[in-house]
Amino acid sequence: MALITKDGDHAEKAVDAPKIQFPCENYVIKVVSLDVDDIHTEITQCMLVHAPEMDTNAEGVNRSSKGRFVSYSFRIVAHSETQLSALHRDLMSIQAVKMVM
């Protein structure tokens, strides 16, 4: 698995980091953001740029108990570490997004 810093760079010093083989079907991307207007649309559009084959009907959504945050789980076909790095970078550039896993 590619370990990526908040800036979207590869974490080079990861000890015994698990490796994935590409392509990897059903790779899960989790995104935590503030629950603001149109955030779902903005995140989904970003996901589709990097993973156009993503099934938008197969996503999970959870809202925090106080309604401030929302988390989304997407399943994609991961083709490369470069793809995952670019996706992470672009998701983190969305102002309301707080975490990408």
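## Close-up views of a predicted model

**View 1. D38 sits in the loop between β1 and α1.** Welcome to this predicted model; our tour begins at a single residue. D38 has a positive phi of about 65°, although it is not a glycine. Is D38 buried or exposed? With a relative accessible area of 60%, D38 is exposed.

**View 2. N26 also has a positive phi without being a glycine.** Here the angle is about 60°. To find N26, look in strand β1. Its relative accessibility is 52%, and N26 counts as exposed; the cut-off for that word is over 50%.

**View 3. A cis peptide bond joins F22 and P23.** The omega angle of this bond is about -5°. P23 belongs to the segment before β1.

**View 4. The whole protein, before we look closer, has 2 helices and 4 strands.** In which order do the elements run from the N terminus? The order is β-α-β-β-α-β. Of the 101 residues in the protein, 34% count as buried. The protein exposes about 6500 Å², and carbon and sulfur atoms supply 49% of that area. If we take the contacts with a separation of 6 or more, 68% of them are accounted for by residues 24 or more positions apart.

**View 5. Helix α1 covers residues 39–50.** This helix has 12 residues. From its first C-alpha to its last, α1 reaches 17 Å, close to the 16 Å expected at 1.5 Å a residue. Which residues of α1 are buried? They are I39, I43, T44, C46, M47 and H50. Seen down the axis of α1, the buried residues fall within an arc of 160°, so they line one face of the helix. Turned away from that buried side is a face carrying the exposed residues Q45 and V49.

**View 6. The buried residues of α1 have several packing partners.** What do these residues pack against? Two of the partners are strands β1 (24–34) and β3 (69–78). Helix α2 (81–92) and strand β4 (97–100) are partners as well.

**View 7. D35 and R63 meet through their side chains in a salt bridge.** Side chains of opposite charge can pair when their charged atoms come close. For D35 and R63, the distance from N to O is 3.0 Å. D35 lies in the loop between β1 and α1 and R63 in strand β2 (residues 60–63), so this pair ties together parts that are 28 residues apart in sequence. D35 is partly exposed, with a relative accessible area of 29%, while R63 is exposed, at 54%.

**View 8. R89 and D90 form a salt bridge too.** How many salt bridges does a search of the whole structure find? The search finds 2. In the bridge shown here, the side chains of R89 and D90 meet at 3.4 Å, N to O. R89 has a relative accessible area of 45% and is partly exposed. D90, at 25% relative accessibility, counts as partly exposed.

How values were computed:
Residues are numbered from 1 along each chain as its sequence is written. This is a predicted model: local features need pLDDT of at least 70, side-chain atom pairs count only at pLDDT 80 or more; totals for chains, interfaces and linings use all residues. Side-chain values use heavy atoms; hydrogens and water are left out. The expected span of a helix is 1.5 Å times one less than its number of residues. Buried means under 20% relative accessible area, exposed over 50%, partly exposed in between (1.4 Å probe, protein chains only). The arc is that of the directions from the helix axis to the C-beta atoms. Contact means heavy atoms within 4.5 Å. Accessible areas come from the Shrake-Rupley method with a 1.4 Å probe; for residues, only the protein chains shown count as cover. A salt bridge is a side-chain nitrogen of Lys or Arg within 4 Å of a carboxyl oxygen of Asp or Glu.
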